[in-house]
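The following exchange concerns the reasoning behind several structural descriptions. Each answer sets a value against the criterion it must meet.

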Amino acid sequence: MGSVATEIRGSVAVVSFDNAARMNAIDAGVANGLAAAAAELKGRKDVGALVLRGSGQKSFCSGVDLKFVEQFPERAAGFASLEEKTEAVFSDMTEMPFPTIAMLFGHCHGGGVQLAASADFRFGDAPLKLSVPAVKNRLFYPISALERLVLILGETRAKRLMYEGKMLNSKTLLAWGFLDRVWPSASLEKETLAYAAKLAAQPRGVVAVYQEIFRALRRGDADKARELRAQAKARREPWI
């Protein structure tokens with residue numbers, strides 16, 4: 001069974017999920033652990049940025065653990081048992097009051113792409129390979145993940161990712177805008193943590209308001225965004 005560990009490095013939370021025997025695939029241990037970690041970190045006042053990563057050096061996440069799913073009498077029930085938790089993770093990650101970074105390396109497939117898409121930023125290593133084989137496997141990807149992929153990639157490229165089911169490399173992912181940075185494997189962790197520390201050093205109260213404003217704009221609610229800005233400007237307490 002997979003597990004999840006959270007380490008606080010200064011003002012940066014590093015959340016690592018571990019199912020190394022299955023290339024960090026998502027099983028009940030990973031799904032439950034990530035849901036608990038995301039829910040807890042969402043309310044932390046001492047955290048200014050979050051880094052999400054798979055354990056080890058071989059794979060960020062190979063997707064849903066099919067070995068776990070096959071334990072159920074029906075595969076649909078196995079997938080459904082994980083989807084509720086992964087949807088909770090996705091929701092909390094996209095509502096964090098501080099920036100989040102997914103650190104991708106090696107392989108990222110299926111459900112791993114959903115985890116990666118939940119972050120504000122995605123850094124990858126040069127050898128990264130990514131795919132979403134949902135269509136060819138006759139599976140229906142979560143709507144929240146599809147919505148996020150359309151936001152990040154645009155509708156046409158999101159459709160290509162889903163319908164073609166091809167393995168994409170880091171160069172293509174950077175050109176498409178899914179990755180924000182690409183680093184050599186040996187530099188990825190160092191550079192990701194350094195960038196996270198820079199983000200965490202920004203005034204957290206101001207960043208938290210911007211996170212809310214961006215969420216309102218993403219919903220198409222410019223009036224709410226203006227309201228949040230006006231309320232922030234009217235506050236008298238010093239920003240931290």
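Q: Which residues of α1 and α3 meet in this predicted model?
A: From α1, the residues in contact are Ala28, Ala31, Asn32, Leu34, Ala35, Ala38 and Ala39, and their partners in α3 are Leu82, Lys85, Thr86, Val89 and Asp92. Contact here requires heavy atoms within 4.5 Å.

Q: Why are α1 and α3 called roughly parallel?
A: Helix α1 (residues 28–41) packs against helix α3 (residues 75–93) at an angle of about 30°, and their axes are 8 Å apart. Angles under 35 degrees count as roughly parallel, and α1 and α3 therefore receive that description. Their crossing is left-handed.

Q: What makes α9 and α10 roughly antiparallel?
A: The angle between α9 and helix α10 (residues 222–234) is about 165°, with the axes 7 Å apart. An angle over 145 degrees counts as roughly antiparallel, and the pair is therefore classed in this way. The crossing of α9 and α10 is left-handed. On the α9 side the contact is made by Val209, Glu212, Ile213, Ala216 and Leu217, and on the α10 side by Ala222, Lys224, Ala225, Leu228, Arg229 and Ala232.

Q: Why are α5 and α6 described as oblique?
A: Helix α5 (residues 143–153) and helix α6 (residues 155–164) pack at about 125°, their axes being 7 Å apart. Roughly perpendicular covers 65 to 115 degrees, and roughly antiparallel begins over 145. The angle of about 125° falls in neither class, so α5 and α6 are oblique to each other. The crossing of this pair is right-handed. Leu146, Leu149, Val150 and Leu153 of α5 meet Glu155, Arg157, Ala158, Leu161 and Met162 of α6.

Q: How do you know that arginine 9 and glutamate 189 meet in a salt bridge?
A: The N to O distance between their side chains is 3.9 Å, and the criterion is a side-chain nitrogen of Lys or Arg within 4 Å of a carboxyl oxygen of Asp or Glu. The pair therefore qualifies. By this rule the count comes to 13 salt bridges.

Q: Why does the pair of arginine 9 and glutamate 189 tie together parts that are apart in sequence?
A: Arginine 9 belongs to strand β1 (residues 3–9), whereas glutamate 189 belongs to helix α8 (residues 185–200), so the parts joined are 180 residues apart in sequence.

Q: Which residues form a nonpolar patch on the surface?
A: The patch consists of Tyr210, Phe214 and Leu217, which together have about 340 Å² of accessible area. Phenylalanine 214 is placed in helix α9 (residues 204–218).

How values were computed:
Residues are numbered from 1 along each chain as its sequence is written. This is a predicted model: local features need pLDDT of at least 70, side-chain atom pairs count only at pLDDT 80 or more; totals for chains, interfaces and linings use all residues. Side-chain values use heavy atoms; hydrogens and water are left out. Patches are made of residues with over 30% relative accessible area and no salt bridge: like charges are joined within 9 Å, nonpolar side chains (Val, Leu, Ile, Met, Phe, Trp, Tyr) within 5 Å. Accessible areas come from the Shrake-Rupley method with a 1.4 Å probe; for residues, only the protein chains shown count as cover. Helices (H or I, at least four residues) and strands (E, at least two) are DSSP runs, numbered from the N terminus. Axes are lines fitted to C-alpha atoms, for helices over the stretch in contact, and angles run from 0 to 180 degrees between N-to-C directions. A crossing is left-handed if the near helix is turned anticlockwise from the far one by less than a right angle, and right-handed if clockwise.
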